[in-house]
Amino acid sequence: MSEELSAQLDEELRRFRIEAQAVQDAAALYELQVRYLGKKGTVTQLRGQMGKLAPAERKAFGQAFNATKEAIEQAIEARREALVLAAKAEDLARREDLTMATQAPRLGTIHPLTRTRRELERVFRMLGFDVVDGPHIEHEQYNFDDLNIPANHPARDMQDTFFVEARERVVLRTHTSPVQIRTMLQRRPPVRIVALGTVFRRDDDPTHSPMFHQIEGLCVDERVSMADLKATLYRFVGAFFGQRLEVRFRPSFFPFVEPGAEFDIQCPFCRGQGCDVCKRSGWIELGGAGMIHPAVFEACGYDPEAVTGWAFGFGIDRMASLLHGIRDLRLLFDGDVRFLEQFRC
Ligand code: PHE
């Protein structure tokens, strides 16, 4: 009886070793362990036979049983380690191709106009100006009346201005100058602001788009003069183009300034020598400027005896096309990627 039992123990161990070799993962190994050593495992059950043995045989069987159980446990441990090592080796043997091209994300570009606008804002902030905003849809009061533009002025003509609702006197702003009014109605002097944004006129040809962009500058304080205006423009142009360029005024008329001027800058491409960009003149016409008209101050509740001020305005699109050598202004608004992709930073 005892011999038969120990032979069975040996047989269990032999079978276990064969099966353990076939096991390929930890879960299967655990399952195998349960089948042999679990509560109802085949080896565990053999121990139940001990009671049938003669007392003299029990000790020997007990030792044999324990030896078998230990051998199985060791075999399990050995197999577990072997499996871990095999998994590590497999992991180390993996080879990634580091030279393989990945799908690079397609980056967009900053629109040349946006870049120009941000650069203008940066320079004017540096010169001590606040950047403010105004609505695109504007009341005639701010777009024309308060700017001293008379009711019969040709700029108000249906030919020049988009009227949103003729009877309500609402227009798409034709310039950024109404932001002067909005600012003065809200703030007390000293005022130093620039306003940048979209404006609308009924124009459409290679050098005029019905929608374009302007920057407006306004400075109001005690005793500010045309000399401050010129100095500011001079400093601005120097910082923007990164070189010393002359600024000149030519007498001109805008109803909301007196005296009024158009201003030119020395051509940044030839420094006044004459080139294609400046059409051999050495100068580039930039925009309008002048001292704030007393009627404008009065419309905003400022005392024209107590303060003086100046304003300027010019086209951002012209500035951007100048900088980038863009011949047709309308390319800026077509949204053609072949054009826009040329402006990678
Ligand atoms: N608003 C004027 C224009 O659109 C420009 C300008 C601004 C002129 C400020 C004088 C002062 O042409």
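**View 1. D130 and its partner across the strands.** D130 sits opposite I193, a residue of strand 5. Strand 1 and strand 5 (residues 191–200) run parallel and are joined by 3 bridges; two strands count as paired if DSSP finds at least two bridges between them. Strands here are DSSP runs of E with at least two residues, helices are runs of H or I with at least four, and both are numbered from the N terminus. This is a predicted model, so to speak of a local feature takes pLDDT of at least 70, and side-chain atom pairs count only at 80 or more, while totals for chains, interfaces and linings use all residues. Residues are numbered from 1 along each chain as its sequence is written, and side-chain values use heavy atoms, leaving out hydrogens and water.

**View 2. The whole sheet.** Here's an open sheet of 7 strands with mixed pairing, in the order 1-5-6-10-9-8-7. At the edges you'll find strand 1 (130–132) and strand 7 (247–252), each pairing on one side only.

**View 3. A helix lying across the strands.** Helix 7 (residues 178–186) lies across strands 1, 5, 6, 9 and 10, at about 40° to strand 6 (211–221). Such angles run from 0 to 180 degrees between N-to-C directions, with axes fitted to C-alpha atoms, for helices over the stretch in contact; contact means heavy atoms within 4.5 Å.

**View 4. Helix 5 and what follows.** Helix 5 covers residues 112–126, 15 residues in total. Among its buried residues (under 20% relative accessible area, 1.4 Å probe, protein chains only) are P112, L120 and F124. Just after helix 5 comes G128, with a positive phi of about 95°.

Key:
The expected span of a helix is 1.5 Å times one less than its number of residues. Buried means under 20% relative accessible area, exposed over 50%, partly exposed in between (1.4 Å probe, protein chains only).
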